[in-house]
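Biologist: I would like a close look at one part of this model. Please take one sheet and the elements packed around it, and walk me through them.

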Amino acid sequence: MPEGTYRGAIVSAGWIGVAPGPGARSPFGHESNPQERDAYEHDRDVPAPGESKVRAPGESGVSGRRWTTAEPRSAPTIRSMTTPPNPVGVGFIGAGDISILHAKAVDRCPGAKLVGLWNRSPQRAEERAAEFGCRRFETAAALIDDPDVDAVFVLTNLETHLEYARLALLAKKPVLVEKPVAASVAELLEMKQLAEEVQVPCMPGHNYIYEESLRRSAELIAEGELGRLVSVYVMYNIHHPEEVAKRYPGVVRQILTHHSYILRFLAGRVRRVSAMKAVLHYEEYTEEDIAMATLELENGALAHFCASFAADDHAADPWTVVVKAIGTAGSTRYSYRDWVEIKPGLVHSQTYTAYQGSITSEVRHFVDVCIRGNGAPLSTLDDAIDAQRLIEAIEVSVAERRVVDLGTTAN
Ligand SMILES: NC(=O)c1ccc[n+]([C@@H]2O[C@H](COP(=O)([O-])OP(=O)(O)OC[C@H]3O[C@@H](n4cnc5c(N)ncnc54)[C@H](O)[C@@H]3O)[C@@H](O)[C@H]2O)c1
């Protein structure tokens, strides 16, 4: 990427983006053409004419990926038309479970290609690089400095996010940071300040809100179409075995972070919160496997959060992942159970299509909108700061067994 790519970038409401301007050329020599942008939004899982439905391992960049349609589809492909001449070269820092979903997402994003990865343990790095069909770097710094790497995804554990995001930003490479974006509000403020100083995009990995259905709910609420907002429910009940859960913090940080940025996106800031947590199914791990919170929003509505690694919900109309908003003039619902594939997920007992789908949409937004200078993330670092403030308030509420007032949390 040429030096000074982000010179002249705009900084507003905590977001760094390059001002598009009519017919502006992006850092990748790509015209800011709305029609082309719309075309990116189409699913790439449509074979091009004459393209085999079954690819050889490694051929697609994600090993052994198969087109699952029984018959060739007759719909015209948009793939060749939408692949820009200079795809954004992506590098992964960290190659754990979540990198598998990001590799698939990059593969499904015509405007991007996976260049390579670095992982702390070289053996895993080697395995994943072979699986994804990409290069393996010896160090994180070597990956960041490589001229083929235009953008960096930080996919390591929470405690290291700031360190790697800082390295990427100092090298002026746009960065997508998995959630929770950082370990504290102080770390997030540091990340935001650095992104503003160097004027390089830094996008939180807030994948759920890139789901079309949640975007529509947010619009309906914002436009008042649901009347006065009464309540919002964000429920998560997905069993995680103890050996998997041990790799993460408790569900307050690991899962309620999702709930917090979703609520912020849909309905605004929280005024007060009361929370509880418990450990119900681990034998040794002492962090919580269930947490619940009751919240009062600044707009007066109430909300309820539940996050559980303790058990799946097997009942009819299960609350696997459900987001419900109820207003005086209408309601909306989003559910993981609207798309279920009967095969085990990486950790989940079944494959919830929306999980991969949300990450694919998030990556497309980062590449096609944020990096190419066409707009901001739907959830910014300021929103990550609000989400983290809420998480810290929930922790105080649990520890001190009281309702915590967040006050006016304007940044
Ligand atoms: N958006 C989502 O829905 C979602 C889902 C799962 C995980 N995540 C997030 O993704 C990140 C990674 O999670 P995962 O599921 O891949 O976990 P994982 O345990 O499978 O992988 C973690 C990776 O971090 C690396 N790592 C650990 N400590 C390190 C250190 N000190 N320095 C450098 N590297 C280190 C490990 O080598 C490993 O490759 C976490 O922040 C997690 O919260 C997000």
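Modeller: What follows covers the parallel sheet, then its surroundings, then the rest of the chain.

This is a predicted model. The chain has 13 helices and 17 strands. Of its 411 residues, 45% are buried.

The sheet to look at has six strands and is open. Its order is β5-β4-β3-β6-β7-β8, and the pairing is parallel. Parallel is one of two options: strands of a sheet pair through backbone hydrogen bonds, either parallel or antiparallel. β5 and β8 (202-205) stand at the edges. Each has a single partner strand, so one side of each is left without a neighbour in the sheet.

Start with β4. Six of its seven residues are buried, so β4 is largely enclosed by the rest of the structure. On one side it pairs with β3 (residues 88-93), through six bridges in the parallel sense. Phe92 stands opposite Leu117 in β4. β4 also pairs with β5, again parallel, over two bridges. There, Gly116 has Arg135 of β5 as its bridge partner.

Now the helix over this end. α4 lies across β4 and β5, and runs at about 165° to β4. Helix α4 spans residues 122-132, and its buried residues are Ala125, Arg128, Ala129 and Phe132. Seen down the axis of α4, these fall within an arc of 105°, so they line one face of the helix. The spacing fits a general rule: an α-helix has 3.6 residues a turn, so residues three or four places apart point the same way. The cover over the buried residues of α4 includes α3 (97-107), β4 (112-118) and β5 (135-136). After α4 comes Gly133, with a positive phi near 70°.

Next, the ligand. The shell around the ligand holds 20 residues, and Gly96, Asp97, Ile98, Arg120 and Glu178 come nearest. By type, the shell divides into four nonpolar, 10 polar and six charged residues.

Some loops on the β7 and β8 side deserve a check of their backbone. As background, most residues other than glycine have a negative phi, and most peptide bonds are trans. Lys172 is not a glycine, yet its phi is positive, about 60°. It sits in the loop between α6 (161-170) and β7. Lys172 has 16 other C-beta atoms within 10 Å, so it counts as partly exposed. In the loop after β7, the peptide bond from Lys179 to Pro180 is cis, with omega near -15°. Pro180 lies between β7 (175-178) and α7 (185-198). Gln199 is another non-glycine with a positive phi, about 55°. Its place is the loop between α7 and β8. Gln199 has 19 C-beta neighbours inside 10 Å and is therefore partly exposed; the cut-off for buried is 20 or more.

From here, cross to the other sheet. Thr380 offers one link. Thr380 lies in the loop between α12 (353-371) and α13. The C-alpha atoms of Thr380 and Pro204 are 6.3 Å apart, although 176 residues separate them along the chain. Thr380 counts as buried because it has 24 C-beta neighbours inside 10 Å. Long-range contacts also show in the chain as a whole: among contacts between residues at least 6 apart in sequence, 70% join residues at least 24 apart.

The other sheet is open too, with seven strands in the order β14-β13-β9-β12-β11-β10-β17 and mixed pairing. Its edge strands are β14 (330-335) and β17 (404-405), each paired on one side only. β13 (residues 321-327) and β14 run antiparallel and are joined by six bridges. Val322 stands opposite Ser335 in β14.

Helices lie across this sheet as well. α11 (residues 256-267) lies across β9, β10, β11, β12 and β13, at about 155° to β9. α13 (residues 381-400) lies across β10, β11 and β17, at about 55° to β10.

Helix α8 (residues 212-222) has Leu214, Ser217 and Ile221 as its buried residues. Seen down the axis of α8, they fall within an arc of 55°, so they line one face. They pack against β9, α11, β13 and β14. The face turned away carries the exposed residues Glu212, Arg216, Glu219 and Ala222. Gly224 follows α8, with a positive phi near 80°.

Note on methods: Residues are numbered from 1 along each chain as its sequence is written. This is a predicted model: local features need pLDDT of at least 70, side-chain atom pairs count only at pLDDT 80 or more; totals for chains, interfaces and linings use all residues. Two strands pair if DSSP finds at least two bridges between them. Helices (H or I, at least four residues) and strands (E, at least two) are DSSP runs, numbered from the N terminus. Two residues are in contact if their C-beta atoms, placed from the backbone, lie within 7 Å. Axes are lines fitted to C-alpha atoms, for helices over the stretch in contact, and angles run from 0 to 180 degrees between N-to-C directions. A residue is buried if 20 or more other C-beta atoms lie within 10 Å of its own, exposed if 12 or fewer, and partly exposed in between; C-beta atoms are placed from the backbone. A residue is near a molecule or strand if its C-beta atom, placed from the backbone, lies within 6 Å of it. Ala, Val, Leu, Ile, Met, Phe, Trp, Tyr, Cys and Pro count as nonpolar, Asp, Glu, Lys and Arg as charged, and the others, Gly among them, as polar. The arc is that of the directions from the helix axis to the C-beta atoms.
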